[in-house]
Amino acid sequence: MLEKIFKLSANKTDAKTEVLAGITTFMTMAYILAVNPNILSATGMDSGAVFTATALAAFLGTLLMAIFANYPFALAPGMGLNAYFAYTVVIGMGYSWEYALTAVFAEGIVFIVLSLTNVREAIFNAIPLNLKSAVSVGIGLFIAFVGLQNANIVIGGSTLLQLFSVDGYNAAKGVEASFNNVGITVILALIGIIVTGILVVKNVKGNILWGILITWGLGIICQFAGLYVPNPEIGFYSLLPDFSNGLSIPSLAPIFAKLQFDGVFSLDFLVILFAFLFVDLFDTLGTLVGVSSKAGMLDENGKLPHIKGALLADAVATTAGAVLGTSTTTTFVESASGVSEGGRTGLTAVTTAILFGLSLFLSPIFLAIPSFATAPALVIVGLYMLSNVISIDFSDMSEAIPCYVCIIAMPFFYSISEGISMGVITYVAINLITGKAKEKKISALMYVLAVLFVLKYIFL
């Protein structure tokens with residue numbers, strides 16, 4: 001039955017590999033179940049309800065990806081978009097969270113239309129093959145950087161960024177941390193990277209997942225030994241699951257369907273809507289390009305065969321997520337961890353979706369996995385994606401320079417969409433000015449995108 005539904009043999013995979021890949025993807029992105037409620041609760045939203053909405057949106061979106069496209073990609077409320085939702089739209093601009101949810105809902109509706117009319121697919125196919133490889137490499141650096149930051153291995157400092165030290169961490173965060181909270185977790189994360197690396201070299205099946213579990217397990221041992229002392233006031237919590245409230249699912253009622261349509265025809269609403277649209281569109285395209293490129297899913301023309309279904313799943317999930325009560329639901333770059341484990345079909349996505357559904361009942365366990373335990377997975381997955389750099393034609397500088405700009409922009413500007421924007425602008429500008437545009441057969445859509453990106457930087 002699984003063979004018939006997911007075409008496992010045709011995709012050169014098997015059920016065991018797919019399930020293991022789905023578990024790995026879930027474990028790598030399960031942090032969103034803790035992070036999203038923390039961020040959105042800053043707007044006054046009920047954190048328990050946001051947790052439930054987050055899990056349900058991830059479950060629904062990831063399941064739709066399997067149904068519509070048979071791809072191993074997972075969806076959940078996106079990082080960056082939730083921060084924009086909370087800190088810019090609500091706290092910064094002073095709008096209610098209900099108003100912000102309405103903007104997310106409208107964004108989803110627009111994306112459904114764009115997906116059904118092939119506009120998003122056309123944008124994907126218009127990006128040159130070398131630039132698609134560069135997107136994969138840039139995402140690799142970006143998620144490795146995220147992992148290093150999540151583990152506090154890299155912190156802010158007098159040199160903008162620096163290697164961890166307790167004093168430097170305290171100065172950057174304005175807190176009083178010590179070796180027994182932040183310090184020991186940095187060491188555990190570094191050990192986790194080495195352990196995961198050894199498992200990769202030894203070609204141990206499920207190496208990334210085992211890396212997460214071993215790192216978490218070492219943390220629990222340190223907590224029992226007194227080397228790690230939780231300090232909730234500065235964000236370091238017990239590593240042990242808390243079952244004090246049982247297995248009850250937090251009610252969705254405080255935020256469900258709380259949309260506010262007053263003022264949706266104002267200029268401010270359009271600006272907010274466009275910001276959500278822009279970031280989600282190119283973060284999603286960037287993730288699909290990067291992860292599918294690494295997985296070898298692109299055809300000989302650099303196109304993703306079932307991208308329309310993948311984009312539609314993303315759009316429907318965003319719309320449903322807004323009704324449930326969470327910020328934009330998007331395709332997660334952490335899907336790369338499951339792809340690296342061999343995930344190639346929707347069975348990987350179904351496995352991840354089921355685990356998000358189960359997380360509603362076992363939330364204490366999943367919320368106990370700390371960021372320092374998932375950091376090694378992000379760093380190693382970054383390596384996998386970085387290896388795609390060999391696909392870039394560096395002998396042609398008109399291809400190499402835009403790819404280079406795209407790659408360095410993602411980690412340095414902390415944005416996948418900025419990397420794509422600058423890569424597209426540079427690609428069109430260099431080839432147009434040097435007279436290579438006709439030779440490269442640059443599509444009209446690339447010119448349109450370049451102009452829109454330039455206008456974005458001028459007016460937004």
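This talk covers the nonpolar cores, one helix and the salt bridges of the structure shown above. Please bear in mind that the model is a predicted one.

I shall begin with the interior. The largest nonpolar core comprises 137 residues. Within this core, F85 and F282 are the residues with the most contacts. Helix α12, which runs from residue 267 to 295, supplies the largest share of the core, namely 13 residues. What does F85 touch, leaving aside residues up to four places away in sequence? Its partners include L40, T43, M45 and V90, then W97, A100, L101 and V104, and also F276 and S327. There is, in addition, a second core of 6 residues, separate from the one just described; F6, L347, A349 and V350 are among its members.

I turn next to helix α13, residues 307-324. At 1.5 Å a residue, its 18 residues should span 26 Å, and the C-alpha atoms at its ends lie 25 Å apart, which agrees. Is this helix enclosed or open to the outside? Of its 18 residues, 14 are buried, so α13 is largely enclosed by the rest of the structure. After the helix comes G325, which has a positive phi, near 120°.

Finally, the charged pairs. How many salt bridges does the structure hold? There are 3. K440 takes part in a salt bridge with D396, in which the closest N and O atoms are 3.4 Å apart. This pair links distant parts of the chain: K440 belongs to helix α20 (residues 437-440), whereas D396 sits in the loop between α17 and α18, and the two are 44 residues apart.

K440 also forms a salt bridge with E399, with 3.1 Å between the closest N and O atoms. Here the partner lies in helix α18, 41 residues from K440 in the chain. D396, E399 and K440 are thus linked in a network of salt bridges.

Are these residues buried or exposed? D396 and K440 are both buried. For K440 the relative accessibility is 19%, and because the cut-off for buried is under 20%, this lysine counts as buried. E399 is buried as well, with a relative accessible area of 6%.

The remaining pair is E418 with K456, whose side chains meet in a salt bridge at 3.6 Å, N to O. This contact, too, links distant parts of the chain: E418 is in helix α19 (residues 416-433) and K456 in helix α21 (residues 444-459), 38 residues apart. Both E418 and K456 are buried.

How values were computed:
Residues are numbered from 1 along each chain as its sequence is written. This is a predicted model: local features need pLDDT of at least 70, side-chain atom pairs count only at pLDDT 80 or more; totals for chains, interfaces and linings use all residues. Side-chain values use heavy atoms; hydrogens and water are left out. A nonpolar core is a set of buried Ala, Val, Leu, Ile, Met, Phe, Trp, Tyr and Cys residues joined through side-chain atoms within 4.5 Å. Buried means under 20% relative accessible area, exposed over 50%, partly exposed in between (1.4 Å probe, protein chains only). Helices (H or I, at least four residues) and strands (E, at least two) are DSSP runs, numbered from the N terminus. Contact means heavy atoms within 4.5 Å. The expected span of a helix is 1.5 Å times one less than its number of residues. A salt bridge is a side-chain nitrogen of Lys or Arg within 4 Å of a carboxyl oxygen of Asp or Glu.
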